[in-house]
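Let's take a walk through this protein together, beginning at a single loop and working from there towards the interior. Keep the structure open beside you as you read.

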Amino acid sequence: MDLPAAFVASQQRGEASRRAWGGELRELAVEVTERWELRLDGGPRAGEAGVVIPVRTGDGRPAALKLQMPGSETTAAIIGLQSWDGRGMVRLLDSDADRGVMLLERLDGDRSLESVASEDEATLVVGDLLRRLHAVPPPGDLPRLDLITAEMLDITPTAVQKLADREDRRRLLRWSCIVAELQNDAGGRLLHWDLHFGNVLAAEREPWLGIDPEPLVGDPGFDLWPALDSGWSENPTAPQAADVVRRRFDILTQILELDRDRAFGWTLARLMQNTLWDIEDGHTVISTASKVVDDALRPGRRRAIPRA
């Protein structure tokens, strides 16, 4: 079984546990296909976190075998998929959390929402999926947004000092003040955490289904940013970027029936989280895309965009 060489090599550049996992990937794939009586049905694909191998089950059904490094994120993904049970999300057919293995229904990996020309259509699909995902009662043993934001607020004073620009420092502090006001009422809904346009694939069972969740329990407003950011952020200086963000925000908050000020605050929490991760990685500025989202949605600038 040939696995993507670039992905395997990337694992060898990680920490010791990741190198060990990467070195056993081929043997793991062979073992699982034999144990679950699967047969290969196409070439494997690699993402940022794992490998997906097209297979067929013993009764001939198309499926996808996903190998992802074991750990808390993989376990959370399995718990979330079990809870959603195919409602707006790819269906989990079998799993082994200890080995980082998931057997999933087969979706169309060549067709994501990124292929849809209409901005409104793509955003409406994400909004409808989020509405369904958030309606499922959250299970236990998932990360909670209140604890995540508490950790963020604890490290912000030190992180702020690592930003080179005074305006960036002021911006991050403003975000932290808004998040601190929300932190004690962080919500209790089951969130996806990463439902951008590329994480919605065409399917046979339904037109579109979500993939690659990073489930947690919190406020639905925390789930908006990936869709707000999709696509345009590759060219964040484009003149229409702010209008795209505002239009998507209008659609999503309407479908999900969210308070717009509260949704804006939790979107700032996502920008804050991303910035803290960037600072941890050595960056000394807030990304242009994050500033675009903040400025576009700030009260007083958050005008509704009429539909064409």
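Start at Asp 85, which sits in the loop that links α4 (72–84) to β5 (92–96). Please bear in mind that the model is predicted. Asp 85 has a relative accessibility of 43%, so it counts as partly exposed. Its backbone deserves a look too: Asp 85 is not a glycine, yet its phi is positive, at about 50°. Most residues other than glycine have a negative phi. A comparable case is Glu 37, another non-glycine residue with a positive phi, here about 55°. Glu 37 lies in the loop between α3 (25–35) and β1. With 61% relative accessibility, Glu 37 is over the 50% cut-off and therefore counts as exposed.

Now zoom out to the whole chain. The protein has 11 helices and 11 strands. Its C-alpha trace spans about 60 × 45 × 35 Å along the principal axes. A compact globule of 308 residues would have a radius of gyration near 19 Å, and the 20 Å of this protein agrees with that. Of the 308 residues, 50% are buried. Contacts across the sequence are plentiful in the following sense: among those between residues at least 6 apart, 72% join residues at least 24 apart.

The outside can be described in a few numbers as well. The accessible surface amounts to about 14,700 Å², and carbon and sulfur atoms account for 48% of that area. As for charge, there are 38 positive and 51 negative charges, and their mean positions lie 4 Å apart.

Let us go inside next. In soluble globular proteins, nonpolar side chains tend to be buried together. Here the largest nonpolar core holds 73 residues, and those with the most contacts inside it are Leu 113, Val 126, Leu 172, Val 200, Phe 222, Leu 224 and Trp 232. Helix α10 (residues 260–280) supplies the largest share of this core, with nine residues. There is also a second, separate core of 18 residues, with Leu 3, Ala 29, Val 101 and Leu 103 among them.

Which residues does Trp 232 touch, beyond those up to four places away in sequence? They are Ala 241, Val 244, Val 245, Arg 248, Ala 289, Val 292 and Val 293. Two of the elements around here are α9 (241–255) and helix α11 (residues 288–297). Helix α11 is mostly covered, with seven of its 10 residues buried. Those seven are Ala 289, Ser 290, Val 292, Val 293, Asp 294, Ala 296 and Leu 297. The cover over them includes α7, α8 (225–229), α9 and α10.

One residue of α7 shows this from the other side. Arg 171 is found in helix α7 (residues 166–182). Is Arg 171 buried or exposed? Its relative accessibility is 14%, under the 20% cut-off, so Arg 171 counts as buried. Leaving out residues up to four places away in sequence, Arg 171 touches Ile 286, Lys 291, Asp 294, Asp 295 and Arg 298.

Helix α10 offers a polar residue to look at as well: Gln 273. At 4% relative accessibility, Gln 273 counts as buried. Apart from neighbours within four places in sequence, Gln 273 is in contact with Ile 148, Met 152, Trp 193 and Phe 222. Of these, Phe 222 has already appeared among the core residues with the most contacts.

To finish, return to the start of the chain. Ala 5 belongs to helix α1 (residues 5–12), and its 61% relative accessibility makes Ala 5 exposed. From Ala 5 to Pro 220 there are 215 residues in sequence, and 38 Å in space between their C-alpha atoms. Pro 44 is another residue to visit, in the loop between β1 (39–40) and β2 (45–46). With 26% relative accessibility, Pro 44 counts as partly exposed. Beyond its neighbours within four places in sequence, Pro 44 contacts Asp 2, Leu 3, Pro 4, Val 51, Val 52, Ile 53 and Pro 54. One of these, Leu 3, is a member of the second core. Pro 44 and Leu 201 are 157 residues apart along the chain, with 17 Å between their C-alpha atoms.

Terms used: Residues numbered from 1 in each chain as written. Predicted model: local features only at pLDDT ≥ 70, side-chain atom pairs only at ≥ 80, totals over all residues. Heavy atoms only, no water. Helix = DSSP H or I, 4+ residues; strand = E, 2+ residues; numbered from the N terminus. Rg over C-alpha atoms; globule rule 2.2 N^0.38 Å. Buried < 20%, exposed > 50% of the residue type's maximum accessible area, 1.4 Å probe, protein only. Contact = heavy atoms within 4.5 Å. Areas by Shrake-Rupley, 256 points an atom, 1.4 Å probe, with all protein chains shown as cover. Lys, Arg positive; Asp, Glu negative; His and termini not counted. Charge placed at Lys NZ, Arg CZ, Asp CG, Glu CD. Core = buried A, V, L, I, M, F, W, Y, C linked by side-chain atoms within 4.5 Å.
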